[in-house]
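Let's take a friendly walk through one protein model. Have a look at the sequence and the structure first, and then we will go through the parts together.

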Amino acid sequence: WRDPHFLTFYLLNLECGERLEDLYGITWTEPLKSTDKDKCTGWVSLRTGQLFLKDTKNRKSATIDLTEEAIQGLQKLQNLKVEQDTAASFAANSIWIFPRPSDATKHINENSYRKKLWKFHYKFGLATREHVRGKGKRKLYKYTNILSFKHIRKTFVTYYGREHGEGAASH
């Protein structure tokens, strides 16, 4: 994987449907230190297959059952993290599932994957781009999302139901 943290973050967003802000600061296990617990937004238990969020939009905690695909993605990321010379090995000592590449002691934020998301969405037809300036390899583009994560997580079932029928969407 070129960027296993980004791809796992994307997968987890699609699989669990939670808000981006709730997933930025999740840890591999429940933090033991109160300072780490205060900084995190939640944690994962791969043993039980659940994601625990401390403070969701409605200001209540939530326990989300992860899909098999989400669990597999997280396990693969965890395995890549401990191997040497992988794109994920910079995070070997980090408590965060999605640490910043520049400082693994901090979790990602709203700017961490912004440009990657634009390019990724463009490649899959979920964004348009407009050339702003530049020539050769030094081009600058302006990206516009057709569907953002907010829209995808709220309307995916609707689109899926239109394509595959209501019965398939309700399962």
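Leaving aside its neighbours within four places in sequence, which residues is Asn13 in contact with? They are Glu18, Leu20, Leu23 and Phe149. Keep in mind that this model is predicted.

**Asn13 and its helix**

Asn13 belongs to helix α1. With 3% relative accessibility, Asn13 is buried. Its side chain reaches the backbone oxygen of Phe9 at 2.8 Å. Asn13 has company, too: the buried residues of α1 also include Phe6, Phe9, Tyr10 and Leu12. Just after α1 comes Gly17, with a positive phi near 70°.

**The overall plan**

Now step back to see the whole protein chain. It has 7 helices and 6 strands, and from the N terminus on these elements run α-α-β-α-β-β-β-α-α-β-β-α-α. The C-alpha trace spans about 50 × 45 × 30 Å along its principal axes. Of the 171 residues in the chain, 32% are buried. Among contacts with a separation of 6 or more, 42% come from residues 24 or more positions apart.

**Two helices side by side in a table**

Here are the lengths of α1 and α4, set beside what is expected at 1.5 Å a residue.

| Helix | Residues in helix | First to last C-alpha | Expected |
|---|---|---|---|
| α1 | 13 residues | 18 Å | 18 Å |
| α4 | 15 residues | 22 Å | 21 Å |

For α1, the reach is close to the expected value, and the same wording holds for α4. Helix α4 covers residues 68–82. Its buried residues are Ala70, Ile71, Gly73, Leu74, Leu77, Leu80 and Lys81. What do the buried residues of α4 pack against? They pack against α1 and β2.

**The nonpolar core**

The largest nonpolar core holds 29 residues, and Leu12, Ile26 and Leu51 touch the most other members. At least two residues of this core come from each of α1, α2, β3, α4 and α6. Leu12 is a good one to click on. Neighbours within four places in sequence aside, Leu12 is in contact with Gly17, Leu23, Ile26, Leu66, Ala70, Leu74 and Phe98. Two of these names, Ala70 and Leu74, appeared above as buried residues of α4.

**Aromatic rings**

The count of aromatic pairs comes to 12. Why does the pair of Trp118 and Tyr143 count as stacked? The ring centres are 6.2 Å apart and the planes of Trp118 and Tyr143 are at 20°, and planes under 30 degrees apart count as stacked. Trp118 lies in helix α5 and Tyr143 in strand β6, so the pair ties together parts that are 25 residues apart in sequence. Are these two residues buried or exposed? Trp118 is partly exposed, at 27% relative accessibility, while Tyr143 is buried, with a relative accessible area of 14%.

Phe120 and Phe124 give another pair, with ring centres 4.9 Å apart and planes at 55°, so this one is tilted. Phe124 is exposed, at 59% relative accessibility. Phe120 and Phe124 also belong to one aromatic cluster with Phe6, Phe9, Tyr10, Tyr24, Phe98 and Tyr113. You may recognise Phe6, Phe9 and Tyr10 as buried residues of α1.

A ring can also have a charge over it. The charged end of Arg129 sits over the ring of Tyr141, 3.8 Å from its centre.

**Loops and positive phi**

Most residues other than glycine have a negative phi. Which way does the phi of Arg59 go, positive or negative? Arg59 has a positive phi of about 65°, although it is not a glycine. You can find Arg59 in the loop between β3 and β4, where Arg59 is exposed with a relative accessible area of 62%.

Asp85 also has a positive phi, of about 60°, and is not a glycine. Asp85 sits in the loop between α4 and α5 and is exposed, at 77% relative accessibility. Gln84 is found in the loop between α4 and α5 as well, and Gln84 is exposed, with a relative accessible area of 72%. How far is the C-alpha atom of Gln84 from that of Thr41, 43 residues apart along the chain? The two C-alpha atoms are separated by 28 Å.

Technical notes:
Residues numbered from 1 in each chain as written. Predicted model: local features only at pLDDT ≥ 70, side-chain atom pairs only at ≥ 80, totals over all residues. Heavy atoms only, no water. Phe/Tyr/Trp six-rings, centres within 6.5 Å; stacked < 30°, edge-to-face > 60°. Helix = DSSP H or I, 4+ residues; strand = E, 2+ residues; numbered from the N terminus. Buried < 20%, exposed > 50% of the residue type's maximum accessible area, 1.4 Å probe, protein only. Lys NZ or Arg CZ within 6 Å of the ring centre and 35° of its normal. Expected span 1.5 Å × (residues − 1). Contact = heavy atoms within 4.5 Å. Core = buried A, V, L, I, M, F, W, Y, C linked by side-chain atoms within 4.5 Å. Polar contact = N/O pair within 3.5 Å; in protein donor to acceptor, adjacent residues only side chain to side chain.
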